[in-house]
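Please read the following briefing alongside the sequence and the coordinates. It is arranged by topic.

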Amino acid sequence: MSAQLVRRAREVMQNAYAPYSEFHVGAAIEADDGSIHVGCNVENASYGLTICAERMAVGAAVAAGKRRLVRLAVASAVEPPATPCGACRQLLVEFGLDLEVIAVGPSSERRWRLRELLPEAFTRESLT
Ligand code: THU
């Protein structure tokens, strides 16, 4: 259920480690069995090693043995709600262009299918 997914994304956003940007992001991914896997952004003094919340959440899902991902909620403190960055969109595409993406800020939300956020995506089919 997406209300729970959004709640989990907002919750894990509190754990973001973002001392450089101070931009806290939380992500929650729902797999096709209803399980939820979360991640937050983790920054580094080297800057470039920073990991986004969405990629952390994908890693958590895959590590839990879940690869059929149906829905993602990403939470931040800005309006309009921040959407997944390009690198995260590319990583998410690996697990399906039909993924529903919900971006939430403090007072509004927006929804897309991943195929809308990354049209003409490079996927495993592109390799054949
Ligand atoms: N960030 C995410 O966690 N997800 C995104 O999709 C966009 C950016 C993080 C990375 C960095 O820690 C901070 O937000 C500012 O860019």
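The points below cover the ligand site, the nonpolar cores, a buried asparagine, an aromatic pair and some backbone details. The model is predicted, and the values that follow should be read with that in mind. The residues around the ligand include E43, A53 and C85, and each of the three has its own entry under the first heading.

**Ligand site**

- The ligand is surrounded by S21, F23, V25, N41, E43, T50, C52, A53, E54, T83, P84 and C85.
- The side chain of E43 places an N or O atom 2.5 Å from an oxygen atom of the ligand.
- Backbone atoms take part as well: a polar backbone atom of A53 is 2.9 Å from an oxygen atom of the ligand, and a backbone N or O atom of C85 also lies 2.9 Å from a ligand oxygen atom.
- Of the 370 Å² of accessible area that the ligand has on its own, the protein covers 78%.

**Nonpolar cores**

- In soluble globular proteins, nonpolar side chains tend to be buried together.
- The largest nonpolar core holds 21 residues, and those that touch the most other members are I29, L69, L72, L92, L99, V101 and L114.
- Two or more residues of this core come from each of β1, α2, β3 (69-75), α3 (86-93), β4 (100-104) and α4 (114-117), with α2 giving the largest share, four residues.
- A second core, separate from the largest one, has 10 residues, among them A9, A28, A73 and A75.
- Residues up to four places away in sequence being left out, L72 touches L5, A27, A28, I29, E54, P84, L92, L99, E100, V101 and I102; among these, E54 and P84 are also listed around the ligand.

**N41 and its surroundings**

- N41, one of the residues around the ligand, is found in the loop between β2 and α2.
- Is N41 buried or exposed? Its relative accessibility is 5%, under the 20% limit, so N41 counts as buried.
- The N41 side chain reaches the backbone nitrogen of V25 at a distance of 3.0 Å.
- Beyond its neighbours within four places in sequence, N41 is in contact with A16, Y17, A18, F23, H24, V25, I51, C52 and A53.

**Aromatic pair**

- The count of aromatic pairs comes to one, formed by Y20 and Y47, whose rings are 5.5 Å apart centre to centre with 40 degrees between the planes, a tilted arrangement.
- Y20 belongs to the loop between α1 (2-13) and β1 (26-31) and Y47 to the loop between β2 (36-40) and α2 (53-63), so the pair ties together parts that are 27 residues apart in sequence.
- Y20 is partly exposed at a relative accessible area of 40%, whereas Y47, at 57% relative accessibility, counts as exposed.

**Backbone details and a close approach in space**

- Y47 has a phi near 60 degrees, a positive value in a residue other than glycine.
- E120, in the segment after α4, likewise is not a glycine and has a positive phi of about 55 degrees; with 82% relative accessibility, E120 counts as exposed.
- The peptide bond from E79 to P80 is cis, with omega near -5 degrees, and P80 has its place in the loop between β3 and α3.
- N15, in the loop between α1 and β1, counts as exposed at 54% relative accessibility.
- Computed along the sequence N15 and C40 are 25 residues apart, while their C-alpha atoms are 6.6 Å apart in space.

How values were computed. Residues are numbered from 1 along each chain as its sequence is written. This is a predicted model: local features need pLDDT of at least 70, side-chain atom pairs count only at pLDDT 80 or more; totals for chains, interfaces and linings use all residues. Side-chain values use heavy atoms; hydrogens and water are left out. Rings of Phe, Tyr and Trp (its six-membered ring) pair if their centres lie within 6.5 Å; planes under 30 degrees apart count as stacked, over 60 as edge-to-face and the rest as tilted. Buried means under 20% relative accessible area, exposed over 50%, partly exposed in between (1.4 Å probe, protein chains only). A nonpolar core is a set of buried Ala, Val, Leu, Ile, Met, Phe, Trp, Tyr and Cys residues joined through side-chain atoms within 4.5 Å. Contact means heavy atoms within 4.5 Å. A residue is near a molecule or strand if one of its heavy atoms lies within 4 Å of it. A polar contact is a pair of N or O atoms within 3.5 Å; within protein, one must be able to donate a hydrogen and the other to accept it, and residues adjacent in sequence count only if both atoms are side-chain atoms. Accessible areas come from the Shrake-Rupley method with a 1.4 Å probe; for residues, only the protein chains shown count as cover.
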